[in-house]
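Work through the exercises below with the sequence and the model side by side. Try each task before reading its solution.

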Amino acid sequence: MPLELPCKSKSIARNDRSGKPMSIVQIHDATPMQLTIGAARKVKSLVTEEGNPDLKLRVYVTGGGCSGFQYGFSFDEAVNDDDTVIALDGAHLLVDALSIQYLMGASVDYVEGLQGSRFIVENPMAATTCGCGMSFSV
C-alpha cells in the first residue's frame with residue numbers, strides 16, 4: 001500500500017509547571033520530501049486543464065545527464081504499492097521507492113523565469129548539479 005504523507009506543520013504552546021507560557025514549539029510532520037505551494041497550485045491547474053482528477057505529478061531519478069543522474073517528471077494516474085505519496089492542498093506528488101533514496105529532504109517547486117516555466121528539484125543530497133538544474137551527482 002502506498003505511503004501518503006501530508007505536508008503540514010502546527011504550533012503548540014508550552015507551559016511551565018505553574019502554567020505560565022514558556023514558548024511556542026513548531027512541530028512539522030516528518031516527510032521525506034516537500035511539495036511547495038507554488039508547485040501544488042500548478043499541479044492542480046494542470047490536472048484541471050486535463051480534466052482528469054486522478055492525475056498526480058510523479059518525480060523520478062534516472063541515470064544519465066551531465067552529472068550522472070537526472071530528474072524526470074510525468075503525470076500518472078497509477079499509484080504503485082511502493083510509491084510515496086506527498087499531498088498538499090489537493091495536489092499529489094508520487095515518488096517510487098528507488099528514486100526516494102536520492103530525493104530525501106528535497107523539495108519540488110514550480111518556477112517561471114527567463115529559462116521558461118518548469119518544475120524543479122531543490123535537493124540537499126546533490127553534491128554537484130548541472131547548470132540546467134536537471135542533472136546531479138551524489
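**Exercise 1.** In which strand is the place of Arg58? Decide also whether Arg58 is buried or exposed, and find the polar contacts of its side chain.

Solution. The model is a predicted one. Step one: Arg58 sits in strand E5. Step two: the relative accessible area of Arg58 is 7%. The cut-off for buried is under 20%, so Arg58 is buried. Step three: the Arg58 side chain makes a polar contact with the side chain of Asp76 at 3.0 Å, and another with the side chain of Asp83 at 2.7 Å. Step four: leaving out residues up to four places away in sequence, Arg58 touches residues including Gly72, Phe73, Ser74, Asn80 and Leu94.

**Exercise 2.** Arg58 touches Leu94. Locate Leu94 and list what is in contact with it.

Solution. Step one: Leu94 lies in strand E8. Step two: its relative accessibility is 0%, so Leu94 counts as buried. Step three: setting aside neighbours within four places in sequence, the residues in contact with Leu94 include Lys56, Leu57, Arg58 and Val59, and also Asp76 and Asp83, the polar partners of Arg58. Step four: Val79 is in contact with Leu94 too. The C-alpha atoms of Leu94 and Val79 are 7.4 Å apart, with their places 15 residues apart in sequence.

**Exercise 3.** Which residues have the most contacts inside the largest nonpolar core, and which elements give two or more residues to this core?

Solution. Step one: the largest nonpolar core has 24 residues, and Met33, Leu35, Val59, Leu93, Leu103 and Val108 have the most contacts inside it. Step two: two or more residues come from each of strands E4 (33-35), E5 (56-64), E7 (84-88), E8 (91-95), E9 (106-113) and E10 (116-122), and from helices H1 (37-50) and H2 (97-103). Step three: H1 gives the most, with 4 residues. Step four: take Leu93 as an example. Beyond its neighbours within four places in sequence, Leu93 is in contact with Met33, Leu35, Leu57, Val59, Thr84, Val85, Ile86 and Val108.

**Exercise 4.** How do E9 and E10 pair, and what joins E9 to E10?

Solution. Step one: the two strands pair in the antiparallel sense, over 7 bridges. Step two: a hairpin of 2 residues joins E9 to E10. Step three: for one bridge, take Asp109, whose partner in E10 is Ile120.

**Exercise 5.** Which residues form one aromatic cluster, and how are their rings placed?

Solution. Step one: the aromatic pairs number 2. Step two: the ring centres of Phe73 and Phe119 are 5.8 Å apart and the planes stand at 35°, so this pair is tilted. The pair links distant parts of the chain, with Phe73 in strand E6 (residues 68-76) and Phe119 in strand E10, 46 residues apart. Step three: the rings of Tyr110 and Phe119 have centres 5.1 Å apart and planes at 65°, so this pair is edge-to-face. Step four: Phe73, Tyr110 and Phe119 form one cluster. Step five: Phe73 is partly exposed at 23% relative accessibility, whereas Phe119 is buried at 10% and Tyr110 is buried at 17%.

**Exercise 6.** How many helices and strands does the protein have, and what share of its residues is buried?

Solution. Step one: there are 2 helices and 12 strands, in the order β-β-β-β-α-β-β-β-β-α-β-β-β-β from the N terminus. Step two: buried residues account for 33% of the 138 residues.

Key:
Residues numbered from 1 in each chain as written. Predicted model: local features only at pLDDT ≥ 70, side-chain atom pairs only at ≥ 80, totals over all residues. Heavy atoms only, no water. Core = buried A, V, L, I, M, F, W, Y, C linked by side-chain atoms within 4.5 Å. Buried < 20%, exposed > 50% of the residue type's maximum accessible area, 1.4 Å probe, protein only. Contact = heavy atoms within 4.5 Å. Pairing = 2+ DSSP bridges. Polar contact = N/O pair within 3.5 Å; in protein donor to acceptor, adjacent residues only side chain to side chain. Phe/Tyr/Trp six-rings, centres within 6.5 Å; stacked < 30°, edge-to-face > 60°.
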